[in-house]
Amino acid sequence: MRITGSLPKKLTIVVCVVILLLIPLLVRSGYVMDVLILCFIYGILSVSWDLLAGFAGQLSLGTAAFFAIGAYGSAIISMPPYNLSPWFGMIVGGLLAAVIGLVLFLPSLRLRGVYFALASLGFAEIVSTIVYAANVTAGATGIWGYPTFNFPIIGTPIPILSPEPYYYLYFTMLLVSAFLSYKVVKSKTGLCFKSIREDELLARVMGMNTTYYKAVAFFISSFLAGIAGGLFAYYVMVVTPSTAAATVSVTAMVMAIVGGKGTIIGPIIGAFTIQIMLEAFLFVGPQYNYVFLGLLLIVFMLFLPNGIIGLLRKYLSSVRR
Amino acid sequence: MQDLVSLFINFLIVGINLGTLYALFAVGLTLLFGVLRVVNAAHGMLFLIGGYLSVLTSLVLSPNPFIGLVLAMTVCFIIGILLYGTLIRPLRLRTGKLDPRDRETVLVTTFGLSMFLENMLLIITGGRTWISTEFFTQIFIIGSVRIASQRVLISLVAVFVTAFLWIFLSKTKSGLAIRAVSQDADTARALGVNLGIIYSLTFGISVMLSGAAGALISSVLALYPTLGFGLSLRGISIILLGGLGSVSGSVVAGLIMGISESMAIWLIGAAWADIVPFTIMLLVFVIRPSGLFGRWIEQARE
């Protein structure tokens, strides 16, 4: 299995991974690890968005719906009467998100462009309303009191107090998700995604079943989003309707766009950048963080559609000459 | 039994009241789509800005709601033109931005704009709700039905403004130019219509109508920034129901939406009633994407 890409790029990735692995040992700060764990979770979420939007070209504004289904599903399934272990719980959360999404959303998969985006938005809002109003999700107060991961030797430490095991687990999950996405993208399915993105009509004319591949992209994307939701639930230890808020969708989208959509590393870079920026705002002026996010979205969509990765590519290619 | 009937009538009247405002609100959105082929996700926030301006005017200048209305409409018109210049014009490289990709881009950028405006308004208003005092406090009582005269006035003005727009679109030269561009931009251009001017004019009118609706509702609805997004979504739902680009369609759909929402609040409670607009949206997509009066026969589905 070859990982394509130049040597400097591979080296940079390895260096970053090593640094992230060493951080808990070098920086004994629970706060830093907390921020990075959120970066991991959002990294998975933004990669999921990018798979659908950046690679398959289907703009989705409803990521939050699957994040929420994953979060609520994982939380509920770990509580009595199901009492499923979180290790399986997060998979269940992911599958729930993917299956519910596919079933409810199947008719909309034939929609194109803006219409698909709007339908996904409508779907997300429906989920948000249900989550606020329904009894099983305990309304605005949310669900809490469910168990979290039981690690082999350490047991079940409280996430906020000793984040180290969660840090490594979630980092691993991010790497696994990224790797999975990479394999999908490099496969024939990924190629189909890209041709749908570039010219769907042409792909159909060539005989490709675009609806099927859109459904696959949708399934994988919502599955990953659900996993991210489950991980979120097991770390934060409380699931509220805010997980279904449009803010989550927009944040994931901004991360992918700012980092560079259409790539695997792009959304991850974007996730780290944006999350750290949002944290920084908490010190400077907490009300301004989403103001800035909105501005970032506008600026990047208009002037820097290829994000940071795009900028890097332009810079590097001009340096080579 | 008598109670039920009067309850029904009360909710119906509120629904019609809401419906006329939704109609005004949606006409702006559908006009924008018809001409520019883009969806403005910030339409609801601009509605709120109209409302806030009206409240501000009533506090600072004069409690007369008409002054607030005129001011809100003027400012919103200018905002519309500015938005065209900053968000749409950079995308216009060749003849126009009828490129489907650009439509998604505008949806996302206006999404960002909506988020930006919502949080800016949160900061500016400091988390308090704004509402202007009722100018006309008389309440008509017919049998056991109570109708606030303020609400009647609001609906009358909304209908009046909508009618005014209708006349503008069908009788004036600029209005006809706008309709021409919405039908066939290239031909209109070939016949000498300046697309840039029409586009910015349309955007201005669109935001102006939204602001007008907001200014009108500011005396009966407590304004809070988080309402904006939900309003944008309702607007999108309404224009889909009415048929994208169809002004008469969005008027009818606006009334339907207003009445449905009011009935839903009465029958299933406010928390679940939120589902109505989005369910309508999805139903329209599945059953009849061209909407009720859809003269816009675009291939929304394959």
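In the next few minutes I will go through cysteines, a surface patch, and two helices of chain B in this structure.

Please keep in mind throughout that this is a predicted model, and that the values I quote are computed from it.

Let me begin with the cysteines, where the count comes to 0 disulfides over all chains. As a reminder, a disulfide is a covalent bond between the sulfur atoms of two cysteines. Cys192(A) is buried, at a relative accessible area of 7%, and Cys76(B) is buried as well, with a value of 0%.

Turning to the surface, there is a nonpolar patch of about 590 Å², to which Val14(A), Val18(A), Leu21(A), Leu22(A), Leu25(A), Leu26(A) and Val27(A) contribute. One of these residues, Leu25(A), sits in helix α1 of chain A, which covers residues 7–26, and because its relative accessible area is 53%, against a cut-off of over 50%, Leu25(A) counts as exposed.

Now to chain B, where Thr202(B) belongs to helix α8, residues 195–217. Thr202(B) has 0% relative accessibility and therefore counts as buried, and, leaving aside residues up to four places away in sequence, Thr202(B) touches Leu31(B), Leu32(B), Val35(B) and Ile178(B).

The last element is helix α9 of chain B, residues 227–242, for which 16 residues at 1.5 Å a residue should span 22 Å, and the end C-alpha atoms are indeed 22 Å apart, so the two values agree. This helix, α9(B), is mostly covered, with 15 of its 16 residues buried, and after α9(B) comes Gly243(B), which has a positive phi near 110 degrees.

Technical notes
Residues are numbered from 1 along each chain as its sequence is written. Chains are lettered from A and ligands numbered from 1 in the order in which they are written. This is a predicted model: local features need pLDDT of at least 70, side-chain atom pairs count only at pLDDT 80 or more; totals for chains, interfaces and linings use all residues. Side-chain values use heavy atoms; hydrogens and water are left out. A disulfide is a pair of cysteine sulfur atoms within 2.5 Å. Buried means under 20% relative accessible area, exposed over 50%, partly exposed in between (1.4 Å probe, protein chains only). Patches are made of residues with over 30% relative accessible area and no salt bridge: like charges are joined within 9 Å, nonpolar side chains (Val, Leu, Ile, Met, Phe, Trp, Tyr) within 5 Å. Accessible areas come from the Shrake-Rupley method with a 1.4 Å probe; for residues, only the protein chains shown count as cover. A salt bridge is a side-chain nitrogen of Lys or Arg within 4 Å of a carboxyl oxygen of Asp or Glu. Helices (H or I, at least four residues) and strands (E, at least two) are DSSP runs, numbered from the N terminus. Contact means heavy atoms within 4.5 Å. The expected span of a helix is 1.5 Å times one less than its number of residues.
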